[in-house]
Amino acid sequence: MDTIFALATAPGRAAIAIIRLSGPASRDLLKELCGRVLPPPRKAALRRLRAAGGATLDEAVVLWLPGPGSYTGEDSAELHLHGGAAVVAGVGEALATLGARPAEPGEFTRRAVLNGRMDLTAAEGVIDLIEAETAMQARQALALAGGGLTALCAEWAARLTGLLARQEALIEFEDEGLPGSLEAEVARATAALAAEMTDRLLADEGGERVRAGLDVAILGAPNAGKSSLLNALVGREAAIVSARAGTTRDIVEARIVLAGLPAVLADTAGLREAGDEIEAEGVRRALHRGEAADIVLAVLPCGAPPDEATLALIGRRNCLIVASKADLGGPIPPGALAVSARTGDGIAVLRARLEEEAVRLAPASGAALLARPRHRAAVRDALRWLGEAEAAPLPELRADALREALRALGRLTGRVDAEAVLDRVFAEFCIGK
Ligand SMILES: Nc1nc2c(c(=O)[nH]1)N(C=O)[C@@H](CNc1ccc(C(=O)N[C@@H](CCC(=O)O)C(=O)O)cc1)CN2
Ligand SMILES: Nc1nc2c(ncn2[C@@H]2O[C@H](COP(=O)(O)OP(=O)(O)OP(=O)(O)O)[C@@H](O)[C@H]2O)c(=O)[nH]1
Ligand SMILES: [Mg+2]
C-alpha cells in the first residue's frame, strides 16, 4: 500500500496550510522530516521540518495519528505549515523524495471506506459537507456523514434478514408442521417494511433539492425588464441593462439563498423572432433553461400588451407571473406580482414568494437521508424486489426476491458490489479529502 500525501486545505496564500499523509510509511516519513522522536499520538507538537539535505523547510505543528484509530484507519500524520506556496511545495517535494506519492481526489476517504471506518453513504455525506453552502445543506450532509443512512440501512437489512430466515424455514420445514400463521406473518412484515421505505422516500423527496439547490429562470420579451429584475433581486449590477431590446444574449447567472436553499437565478435573452443567429441561439438557450428550471419567472411589463411567447409559459408548472415596471402604471395581469426594479416596490414580496416556493419544493424534513439519486434509486430497487416477494407464487421465488432486496441495500452502503460504484462516488471528491 502506497503512502499518500496531499494538501488538505485550499491552495493559495493562507495563514496555515495542512498537508496530511496516510499509509504504512507515515511514521518513518514523519521521523525523516522532523527528527527521531515522534510526538505522542494525537498531541500537537511544534517541530522544525528539514529536507533530506538538512535545509529547514518550516517550523510546523505536527500530529502523529497512528492507525487504526485515524480518519483513514491507517497510520497517518498532519503537518500544519505556514500557508505559503513555497513552503507547501518544499514539503511536498521532500515527501515525494522520501517515497510518498500525491493522493488522488478522495483517496483518503476511499481508504477510510476500504478500512471499514465508514460506509459509502457516509463518504457521500463527506462530499456533500464539503460542497455545502448553506446551514440547511450542511445539516443534511452531517446527518449522512455521521452514519444516519448507515444506521437506517442496517435496521432495514436486519429486518429483511429476519424475514428471509423465516421464509427459508418455511421452505426447509414445509412438512414439519410450522405454525400456519408464519406465512401470513412474513407477508405482513414484508408489506410493513415496504410501506416504511416508501414513506421514507416520500419524506426525503425535498432532500435532493436541498442538496442540489434551486434553478430559477427569468424569461420574457426583450426589454421586459428581466435583467433589471435580476439585479434588483441580487442587489448588484450582475447583468447589463439598456433601453435597447435584445441586450441580453447569453445566460447571466447570479446566486442567492432562498429559505436556506442555494439558488441560481438565470437572466436570459428576450423571447422574440431573432434578428440574427447569435440572438436565435440566445433565445433557444433561454427556452431550454426555462424547461429545466425549478421555478420560472415570466416577466410581463405593465402598460404593454402581453407577448405570445411569454403567455405560452404561463400555466406551466412552477411559473410565477411578474408584472414589471409597475411604476409606469397600467393594468396588471391577473395573478401577477407587480414589481418595479426602478423603485424597488414589490421586490421583497417577490422574494418572499420565491422563498415560499423553495419551501414547497424542498420541505425542511429535519435532515433528509435519501437525498442523492443513487440512494433513492437503490431504495426503489429494494422496494421493487419487496413487491416481487409479495407477489411471488412460490416460497422459493419469494425467498429469492427477499435476497435481492437485501442485495440492493448492500449496494447502497457499499457492502455489495462496492467496486462498481466506488470510482463513480469518489470522482466527485476533491484532492486532500
Ligand atoms: N485537523 C483535522 N481536522 C479535521 C479532520 C482531520 O482529518 N484533521 N477531519 C477529517 O475529516 C474532520 C474530522 N473528522 C475526523 C473523524 C475521525 C477522526 C479519527 O481519527 N477518529 C478516530 C479517533 C477519534 C478520537 O480522537 O478519539 C476514531 O474514530 O477511532 C479524525 C477526524 C474535520 N476536521
Ligand atoms: N420605469 C421602469 N423602467 C424599467 C424598469 N425595469 C427596467 N426598466 C427599463 O427597461 C429597459 C429594459 O430593461 P432590461 O432590464 O435591460 O430589460 P431586459 O428584459 O433584460 O431586456 P433584454 O435583455 O433586451 O431582453 C431599460 O431601459 C430599463 O431601464 C422598471 O421597473 N421601471
Ligand atoms: Mg436583459
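**Exercise 1. Describe the surroundings of ligand 2 in this predicted model, and name the helix that gives the most to its shell.**

Step 1. Ligand 2 is surrounded by 24 residues, and the closest of them are Gly-225, Ser-227, Ser-228, Thr-248 and Gly-270; here a residue is near a molecule or strand if its C-beta atom, placed from the backbone, lies within 6 Å of it.

Step 2. Sorted by class, this shell holds eight nonpolar, 12 polar and four charged residues, where Ala, Val, Leu, Ile, Met, Phe, Trp, Tyr, Cys and Pro count as nonpolar, Asp, Glu, Lys and Arg as charged, and the others, Gly among them, as polar.

Step 3. The most is given by helix H9 (residues 226–234), with three residues; helices (H or I, at least four residues) and strands (E, at least two) are DSSP runs, numbered from the N terminus.

Before going on, note how the model is written and read. Residues are numbered from 1 along each chain as its sequence is written, while chains are lettered from A and ligands numbered from 1 in the order in which they are written. Because the model is predicted, local features need pLDDT of at least 70 and side-chain atom pairs count only at pLDDT 80 or more, whereas totals for chains, interfaces and linings use all residues.

**Exercise 2. Which residues does the UniProt annotation "binding site" (unreviewed entry) cover together with Ser-227, and is Ser-227 buried or exposed?**

Step 1. The UniProt annotation, from an unreviewed entry, covers Ser-227 and Thr-248; such positions are given in the numbering used here, feature names are shortened, and annotations may be inferred rather than shown by experiment.

Step 2. These two residues span 22 residues in sequence, yet no two of their C-alpha atoms are more than 7.6 Å apart, so they gather at one spot.

Step 3. Ser-227 lies in helix H9, and Ser-227 counts as buried because it has 24 C-beta neighbours inside 10 Å. The cut-offs are that a residue is buried if 20 or more other C-beta atoms lie within 10 Å of its own, exposed if 12 or fewer, and partly exposed in between, with C-beta atoms placed from the backbone.

**Exercise 3. Work out the strand order of the open sheet that contains S8 and S12, and find its edge strands.**

Step 1. The six strands of this open sheet follow the order S8-S9-S7-S10-S11-S12, and their pairing is mixed; two strands pair if DSSP finds at least two bridges between them.

Step 2. Strand S8 (252–258) and strand S12 (337–338) are the edge strands, since each pairs on one side only.

Step 3. Strand S7 (residues 214–220) and strand S9 (residues 261–267) run parallel and are joined by five bridges, and Ala-217 stands opposite Ala-266 in S9.

**Exercise 4. Do the same for the open sheet that contains S3 and S6.**

Step 1. This open sheet also shows mixed pairing, and its six strands have the order S3-S4-S5-S2-S1-S6.

Step 2. At the edges stand S3 and strand S6 (101–102), each with a single partner strand, so one side of each is left without a neighbour in the sheet.

Step 3. Strand S3 (residues 45–50) pairs with S4 in the antiparallel sense over six bridges, and Leu-49 stands opposite Asp-58 in S4. S3 and S4 form a hairpin with five residues between them, and Gly-54 in the turn has a positive phi of about 105°.

Step 4. Strand S1 (residues 4–7) pairs with S6 in the parallel sense over two bridges, where the bridge partner of Phe-5 is Pro-102.

**Exercise 5. Find the unusual backbone angles at Pro-68, Ala-259 and Lys-325.**

Step 1. Most residues other than glycine have a negative phi, and most peptide bonds are trans.

Step 2. The peptide bond from Gly-67 to Pro-68 is cis, with omega near 0°, and Pro-68 is placed in the loop between strand S4 (56–65) and strand S5 (76–82).

Step 3. Ala-259, in the loop between S8 and S9, has a positive phi near 50°; Ala-259 counts as partly exposed because it has 19 C-beta neighbours inside 10 Å.

Step 4. Lys-325, in the loop between strand S11 (319–324) and S12, has a positive phi near 55°, and Lys-325 counts as buried, with 24 C-beta neighbours inside 10 Å.
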